[in-house]
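Biologist: Please take a close look at one helix and the partners it packs against. Keep it brisk, and build the picture step by step.

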Amino acid sequence: DDGNHQATPEAEFHEAPSEIVNEDPEVCTPVVHELSIHSQSQMAEELQKVMDALNGLWTEIGFESQEKENALDELFAELNRVLTTKVSCTQEIKASLNGKIRLVNARIKTLSAELGESEAHSSLHDLAEPGISIRQHLANSKGVQDELEARKLERGKILAAKSEELSR
């Protein structure tokens, strides 16, 4: 192993016990449940089991204390790389979702202007209520966008019907 792995959300999140939700084909996002005290305890227990197993193996093999220290340093460096990659990947997911929110909100502003409805545009701030998740904010924004798209389509149909009626 040369250690030159490119981390992708798909590759990284298959390693952790989490549910993958494909909101769109380009982004796999994990549904990670908050770490409870129990989960943290389980992680600590698993790490202790691995450390005990490694220490037993190193002793059986006859590793000197310096070799054990070097192996531990390598292990902790690898763990740190994995955890840092998890954080980076999750930050990329957050940035992607925030980008989608900006695009949806820009579309809402455009549709509001086209429909002459300033209240939809002004309600964008209400969509980002304190305490809601980024995903919920995106869902709220998409709901407003869908509503405006439907109104625009309906108005287009009405105008087309009126135009046809006038051309007779």
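Modeller: Start with handedness: H3 and H6 cross in a left-handed sense. Bear in mind that this is a predicted model. The helix to follow is H3, residues 65-115.

First, its partner H6. The axes of H3 and H6 come within 9 Å and cross at roughly 25 degrees. Angles under 35 degrees count as roughly parallel, so H3 and H6 are roughly parallel to each other.

Both helices feed the largest nonpolar core, which has 11 residues in all. Helix H3 (65-115) and helix H6 (134-166) are the elements that give two or more residues to this core. H3 gives the most, with eight residues. The core members are Cys89, Ile93, Leu97, Ile101, Val104, Ile108, Leu111, Leu115, Leu138, Val144 and Leu148. In general, nonpolar side chains tend to be buried together in soluble globular proteins.

Next, the other partner, H2, which spans residues 37-61. The axes of H2 and H3 come within 11 Å and cross at roughly 150 degrees. Over 145 degrees counts as roughly antiparallel, so that is how H2 and H3 lie to each other. This crossing is right-handed.

Now the residues at that contact. H2 brings Leu47, Met51, Leu54, Asn55, Trp58 and Thr59. H3 meets them with Lys68, Ala71, Leu72, Leu75 and Leu79.

Trp58 deserves a second look. Besides its place in the contact between H2 and H3, Trp58 forms an aromatic pair with Phe63. The rings sit 6.0 Å centre to centre, with 10 degrees between the planes. Planes under 30 degrees apart count as stacked, so this pair is stacked. A search of the whole structure finds one aromatic pair. Its two members are not equally covered: Trp58 has a relative accessible area of 9% and is buried, while Phe63, at 28%, is partly exposed.

Finally, the setting. The protein has six helices and two strands. From the N terminus on, the order is α-β-β-α-α-α-α-α. Of its 168 residues, 21% count as buried. Take the contacts between residues at least 6 apart in sequence: 58% of them join residues at least 24 apart.

To put H3 together: it runs roughly antiparallel to H2 and roughly parallel to H6, and it gives eight residues to the largest nonpolar core.

Key
Residues numbered from 1 in each chain as written. Predicted model: local features only at pLDDT ≥ 70, side-chain atom pairs only at ≥ 80, totals over all residues. Heavy atoms only, no water. Core = buried A, V, L, I, M, F, W, Y, C linked by side-chain atoms within 4.5 Å. Buried < 20%, exposed > 50% of the residue type's maximum accessible area, 1.4 Å probe, protein only. Helix = DSSP H or I, 4+ residues; strand = E, 2+ residues; numbered from the N terminus. Phe/Tyr/Trp six-rings, centres within 6.5 Å; stacked < 30°, edge-to-face > 60°. Axes fitted to C-alpha atoms, helices over the stretch in contact; angles between N-to-C directions. Parallel < 35°, antiparallel > 145°, perpendicular 65-115°, else oblique. Left-handed = near helix turned anticlockwise from the far one by under 90°. Contact = heavy atoms within 4.5 Å.
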